[in-house]
Every structure is written in structure tokens, then in C-alpha cells.
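Work through the exercises below with the sequence and the model at hand, and try each task before you read its solution.

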Amino acid sequence: MTAPIPPIHGFSALAFTRLTPDEQQRRAQEFFELMQQRRTVREFSDEPVPFALLELAIKTAATAPSGANQQPWSFAIVGNAEMKCAIREAAEKEEYENYHGRFPDSWLKELEQFGTDWHKPFLEIAPWLIVVFKQDYGLIVEPSGKEHKLKHYYANESVGIATGLLLAALHNAGLATLTHTPNPMGFLSKLLQRPKNEKPYLLIPVGYPAAEARVPNITKKQWVEVAQVFE
Ligand SMILES: Cc1cc2nc3c(=O)[nH]c(=O)nc-3n(C[C@H](O)[C@H](O)[C@H](O)COP(=O)(O)O)c2cc1C
């Protein structure tokens, strides 16, 4: 009989703050109302935003759960004007193709309500762009060039959860965001010189909304449409 394999990291006591029922209700309600106010913003001000706010939001994102704790994400934070200009040019090239033949008519029809087209001025106007990358697999390269690949489990789900936390943290810090996907986004890997195991996942302009920013009148599904309760 072989001996059981001991856990690698060991365990420690959970730090858990038990709230009173009143406090739970109050915080749950407050967070709901805060998140209800989040909107996708497509018109940004060029007003600077302290980097420290982005750093904290990304640290928050990086607390996310992930398959086997593999944390298959990385975040590029771009404030450099030339890089933002290069990203805009490359994104607009792809979006021009998307809006002139690559998107099916049904998609274009769906997009009409948002008033979007291939022009993406916000990529230069917003003070920061966060590019979220998904690591499809882990990659360790030895000085000799020998590569070791590590299979990642549930990378897509994990990065989606981290991005949700990121958007919530940025909103909580009083910042506006746009979840942008100028696909195909391979240009982001090239411009930002990311390793081959990383794929661009989302491009998120961050800043303050322009004074005249408007948002489309859309609705969210009702409780009964999204929830099914089994008590
Ligand atoms: C995965 C994903 C991709 C998106 N891609 C774009 C995009 O490329 N351009 C854009 O203007 N909005 C994009 N959006 C924003 C959605 O249109 C927006 O979230 C939706 O209309 C709901 O509006 P709200 O965020 O204000 O609630 C994207 C959102 C998600 C979640």
C-alpha cells in the first residue's frame, strides 16, 4: 500500500467575517444599487485617472477564483499615447471589415440600437486601456529555449469571472468602462508583445464619461426571466 500524498500547500484557518442579518441585507442592497448604475460608456473624457485606481481594480480582479487556482490571466495597462493610437488604428481596420461585410446582417441589425460603427475614437481619448489576456496554457521557457507547457483548466470561465470583478471594481471606484471586442484581436498580442500562450480576451477603455455622454435605452431581463427558484 502506498502512503497518501501530503497536500503541497497545507491549510490555514479561513478568515471569514460573519455579518448580522441587517448588515447583510444593507450591503447586498447597496451593492445591487451600485451595480445597477453601471453602464457601458462609448464617449469618454480625456481627463486623467490616477493609475493607483486601476492597480487596485486589477488586484481585485486577480483575487478571482480560477480552475485549479491557475489564474490564467494577465492585464496590459496602456496609457501611452502612441500605443493607444496604434491600437486604435489596428482596431478600426478590423472593425471597418466587420461593419463592411464580415458581420452578418442579423448582427448589424442587432447593433443598430447602440449606434456603433467602425470608428473607435475612445481608444485614444480614454486615459487608459486595459487589455485582458487569457492564457490558454501555462508556458515556462528555460534559458536554453526549452518550453514546458502546463494545461489550464477552465481558462475561459476563470478569465470571465476575473473580468467581471474588474468591471465591478472599476465601477465601484467611480470609473466608466467599455467592454470592447474589435475582433479578430490578434493585433493586441503583436503590439503588446505578449507570449504565444496568451490570447486577447477583452479591450477595456477606462476613464470618466464625456460630459455629453449618452447611453442607449436598453432594459435588463426581469427577475422571473433570469431566476428559477427551487426552495
Ligand atoms: C463580451 C462583450 C463584448 C462586447 N463588445 C462590445 C464592442 O465591441 N463594442 C461595443 O460598443 N460594446 C460592446 N459590448 C457592450 C455591450 O453592448 C453592452 O454591455 C450591452 O449593450 C449592455 O449594456 P450595458 O453594459 O450598458 O448594461 C460588449 C459586451 C460584452 C459583455
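**Exercise 1.** State how many helices and strands the protein has, and give their order.

Solution. Begin with the count, which is 8 helices and 6 strands, where helices (H or I, at least four residues) and strands (E, at least two) are DSSP runs numbered from the N terminus. Then read along the chain from the N terminus, where the elements follow the order α-α-β-α-α-α-β-β-β-α-β-α-β-α.

Before going on, note that this is a predicted model, in which local features need pLDDT of at least 70 and side-chain atom pairs count only at pLDDT 80 or more, while totals for chains, interfaces and linings use all residues. Residues are numbered from 1 along each chain as its sequence is written, and side-chain values use heavy atoms, with hydrogens and water left out.

**Exercise 2.** Describe how strands β3 and β4 pair, and examine the hairpin between them.

Solution. First locate β3 at residues 137-141 and β4 at residues 147-151, which run antiparallel and are joined by 5 bridges; two strands pair if DSSP finds at least two bridges between them. Next take I140, whose bridge partner in β4 is H148. Finally, look at the 5 residues between the strands of this hairpin, where G145 has a positive phi near 100 degrees.

**Exercise 3.** Find what share of the residues is buried, and give the dimensions of the box that the C-alpha atoms fill.

Solution. Of the 231 residues in the protein, 34% are buried, meaning under 20% relative accessible area with a 1.4 Å probe, protein chains only. Along the principal axes, the C-alpha atoms fill a box of roughly 65 × 60 × 40 Å.

Key:
Buried < 20%, exposed > 50% of the residue type's maximum accessible area, 1.4 Å probe, protein only.
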